[in-house]
Amino acid sequence: TIRVSVIDAGPGLDGEGRARMFDRYWRGVADGSGKGLGLSLVRAVAELHGGVADARVAESGLDVGFSLSGVRGWSEAR
């Protein structure tokens, strides 16, 4: 299993925000930029490949990423 993640050192999200952040068109701020599709696409791609996307509270911010299992030798299997 591998996990790819990014730590956002911004203000973070409360529990409700973390529960909804992978929903299509949901945005944590209403500043007019973005469409709320980025993290929903991350989740869709991860699930398409048998993985999961998640968000974890980290010491230095919000850790957002995805995990994939069974990736060893994936290029030979295709």
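**A three-stranded antiparallel sheet**

Three strands form an open sheet in the order S1-S3-S2, and the pairing is antiparallel. Its edges are S1 and S2, each of which pairs on one side only. Direction ignored, neighbouring strands of the sheet are turned by 25° against each other on average. The model is predicted.

The sheet is one part of the chain. In total, the secondary structure comprises three helices and three strands. Along the sequence these elements follow the pattern β-α-α-β-β-α. Two helices thus stand between the first strand and the second in this pattern, and a helix closes it.

Strand S1 covers residues 2-8. S1 pairs with S3 in the antiparallel sense, over seven bridges. Within this pairing, Val6 stands opposite Val64 of S3.

On the other edge lies S2. This strand spans residues 52-58. S2 and S3 are also joined by seven bridges, and their pairing is antiparallel. The two strands form a hairpin, with two residues between them. Ala58 has Gly61 in S3 as its bridge partner.

Strand S3 runs over residues 61-68. In the strand order, S3 sits between S1 and S2. Is this strand enclosed or open, and how many of its residues are buried? Seven of its eight residues are buried, so S3 is largely enclosed by the rest of the structure. Burial here means a relative accessible area under 20%. Across the chain as a whole, 22% of the 78 residues count as buried.

Contacts were examined by sequence separation. Of those between residues at least 6 apart in sequence, 51% join residues at least 24 apart. The pairing of S1, residues 2-8, with S3 spans the stretch that holds two helices and S2 in the chain pattern. By contrast, the hairpin of S2 and S3 has two residues between its strands.

Overall dimensions and surface were also computed. Taken along the principal axes, the C-alpha atoms fill a box of roughly 45 × 30 × 20 Å. The chain exposes about 5700 Å². Carbon and sulfur atoms supply 54% of this exposed area. The chain carries 10 positive and 10 negative charges. The mean positions of these two sets are 6 Å apart.

In summary, S3 pairs with S1 over seven bridges and with S2 over seven bridges. Seven of the eight residues of S3 are buried, while S1 and S2 form the edges of the sheet.

Definitions and conventions:
Residues are numbered from 1 along each chain as its sequence is written. This is a predicted model: local features need pLDDT of at least 70, side-chain atom pairs count only at pLDDT 80 or more; totals for chains, interfaces and linings use all residues. Side-chain values use heavy atoms; hydrogens and water are left out. Helices (H or I, at least four residues) and strands (E, at least two) are DSSP runs, numbered from the N terminus. Buried means under 20% relative accessible area, exposed over 50%, partly exposed in between (1.4 Å probe, protein chains only). Contact means heavy atoms within 4.5 Å. Accessible areas come from the Shrake-Rupley method with a 1.4 Å probe; for residues, only the protein chains shown count as cover. Lys and Arg count as positive and Asp and Glu as negative; His and the chain ends are not counted. The place of a charge is taken as NZ of Lys, CZ of Arg, CG of Asp or CD of Glu. Two strands pair if DSSP finds at least two bridges between them. Axes are lines fitted to C-alpha atoms, for helices over the stretch in contact, and angles run from 0 to 180 degrees between N-to-C directions.
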